[in-house]
Amino acid sequence: MEIKEVVREKYGQAALRVHSGGSSCCGAASAMDGCCDPITSNLYDSAQTGAVPEEAVLASLGCGNPTALAELKAGETVLDLGSGGGIDVLLSARRVGPTGKAYGLDMTDEMLALARENQRKAGVANVEFLKGEIEQIPLPDNSVDVIISNCVINLSADKDRVLGEAFRVLKPGGRFAVSDVVTRGEVPEEVRQNMLMWVGCIAGALGDDQYVAKLAGAGFEGIDIEPTRVYNIEEARTFLSGQGVDVDAIAPQVEGKFMSAFIRATKPARMQV
Ligand SMILES: C[S@@+](CC[C@H](N)C(=O)[O-])C[C@H]1O[C@@H](n2cnc3c(N)ncnc32)[C@H](O)[C@@H]1O
């Protein structure tokens, strides 16, 4: 619970910074520059950023571009877990068109307010932002065609529950199409134990093999993890130093082990009885 409260507080502040024109970066205040720019910047092409309000772009705190990689069809229902300022929801709404629907789910009031304001500015009707937690999705069973998410599942302390809930709300044959930070190989304990890094970008991430196992455990099939950005230690230096970490000492253990990835999986079209 403590982790969730810290996460909520951080993202509430990040949402307010968009209003005040400040940085919306996701890490600890003193260590933002090194943390997030390599992770959150330049994720969307100009056609995408031009299609949504500027505040939705400024509030973007993801680590990938799930809407570019997910297959979305006209008329489908999409759900974005941890929708933040709403950029991926607004982009999805355009892709599924007026006969489809895009839901955003977020637990932070300030983010929901920002997302709803962005929806109003974008003038899209087929969007609904829901307040709630990704560990307890406020939608019925078998009601969603595609679940997207952008750098949120790594923030949850109960990933099994999140994946179980994603499976529950997806229709049979529904797709899980998520960007998230994952680790590969052994990760230094100092990194995992640091609460602010957890809240920021990295420490709560699953290993890629753990992610596959958890998705399979939830019932998914056709699981695939495709790295989209691999981070190097220099990109993380400012952030890690700000946490009091001896960067040079841990550098060999970090290199090549932290990445953003696009994670695909499918709920079986026919459930086994
Ligand atoms: C890193 S930001 C990503 C926002 C958005 N997906 C984007 O790409 O800009 C994380 C968002 O997830 C929300 N969040 C984090 N943990 C959550 C949880 N357990 N349930 C619901 N929302 C959560 C935060 O409030 C925040 O808006």
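Reader: Which residues does L79 touch, leaving aside those up to four places away in sequence?

Author: In this predicted model, L79 touches Y103, L105, I137, L139, V144, V146, I147, I148 and V169. Each of these counts as a contact because heavy atoms of the two residues lie within 4.5 Å.

Reader: What makes L79 notable within the largest nonpolar core?

Author: The largest nonpolar core has 31 residues, and L79 is among the five that touch the most other members, together with I147, F176, Y211 and F220. Two or more residues come from each of β1 (77-81), β2, β4, α8, β5 (170-183), α11 (208-218) and β8 (258-266). Helix α8 gives the most, with 5 residues. In soluble globular proteins, nonpolar side chains tend to be buried together.

Reader: Which residues does the second core include?

Author: The second core is separate and has 17 residues, including I39, C151, A251 and F258.

Reader: Why is the pair E128 and K101 called a salt bridge?

Author: The closest N and O atoms of E128 and K101 are 2.7 Å apart. The cut-off between a side-chain nitrogen of Lys or Arg and a carboxyl oxygen of Asp or Glu is 4 Å, so the pair qualifies. E128 belongs to strand β3 (residues 127-131) and K101 to strand β2 (residues 101-106); the two residues are 27 apart, and the pair links distant parts of the chain.

Reader: Are E128 and K101 buried, exposed or partly exposed?

Author: Buried means under 20% relative accessible area and exposed means over 50%. E128 has 33%, so E128 is partly exposed. K101 has 24% and therefore is partly exposed as well.

Reader: What do D109 and K131 tie together?

Author: The side chains of D109 and K131 meet in a salt bridge, with 2.7 Å from N to O. D109 lies in helix α7 (residues 109-122) and K131 in strand β3, so the pair ties together parts 22 residues apart in sequence. With a relative accessibility of 46%, D109 stays under the limit for exposed and so counts as partly exposed. K131, at 47%, is partly exposed too.

Reader: How do you know that D141 and R168 form a salt bridge?

Author: Their closest N and O atoms are 2.8 Å apart, and the limit is 4 Å. D141 is in the loop between β3 and β4 (144-150), while R168 is in helix α8 (residues 159-169), so parts 27 residues apart in sequence are tied together. R168 has 23% relative accessibility and therefore counts as partly exposed rather than buried.

Reader: How many salt bridges does the structure hold, and which residues are linked in a network?

Author: The structure holds 17 salt bridges. K4, E5, R8, E133 and E135 are linked in a network of them.

Reader: What makes the approach of T108 to the ligand a polar contact?

Author: A polar side-chain atom of T108 lies 2.6 Å from an oxygen atom of the ligand. A pair of N or O atoms within 3.5 Å counts, so this pair is a polar contact. Backbone N or O atoms also approach nitrogen atoms of the ligand, at 3.3 Å for M107 and at 3.1 Å for I134. The protein covers 98% of the 590 Å² of accessible area that the ligand has on its own.

Reader: Which residues come nearest to the ligand?

Author: Of the 23 residues around the ligand, L61, G82, D106, T108 and E135 come nearest.

Terms used
Residues are numbered from 1 along each chain as its sequence is written. This is a predicted model: local features need pLDDT of at least 70, side-chain atom pairs count only at pLDDT 80 or more; totals for chains, interfaces and linings use all residues. Side-chain values use heavy atoms; hydrogens and water are left out. Helices (H or I, at least four residues) and strands (E, at least two) are DSSP runs, numbered from the N terminus. Buried means under 20% relative accessible area, exposed over 50%, partly exposed in between (1.4 Å probe, protein chains only). A residue is near a molecule or strand if one of its heavy atoms lies within 4 Å of it. A polar contact is a pair of N or O atoms within 3.5 Å; within protein, one must be able to donate a hydrogen and the other to accept it, and residues adjacent in sequence count only if both atoms are side-chain atoms. Accessible areas come from the Shrake-Rupley method with a 1.4 Å probe; for residues, only the protein chains shown count as cover. A nonpolar core is a set of buried Ala, Val, Leu, Ile, Met, Phe, Trp, Tyr and Cys residues joined through side-chain atoms within 4.5 Å.
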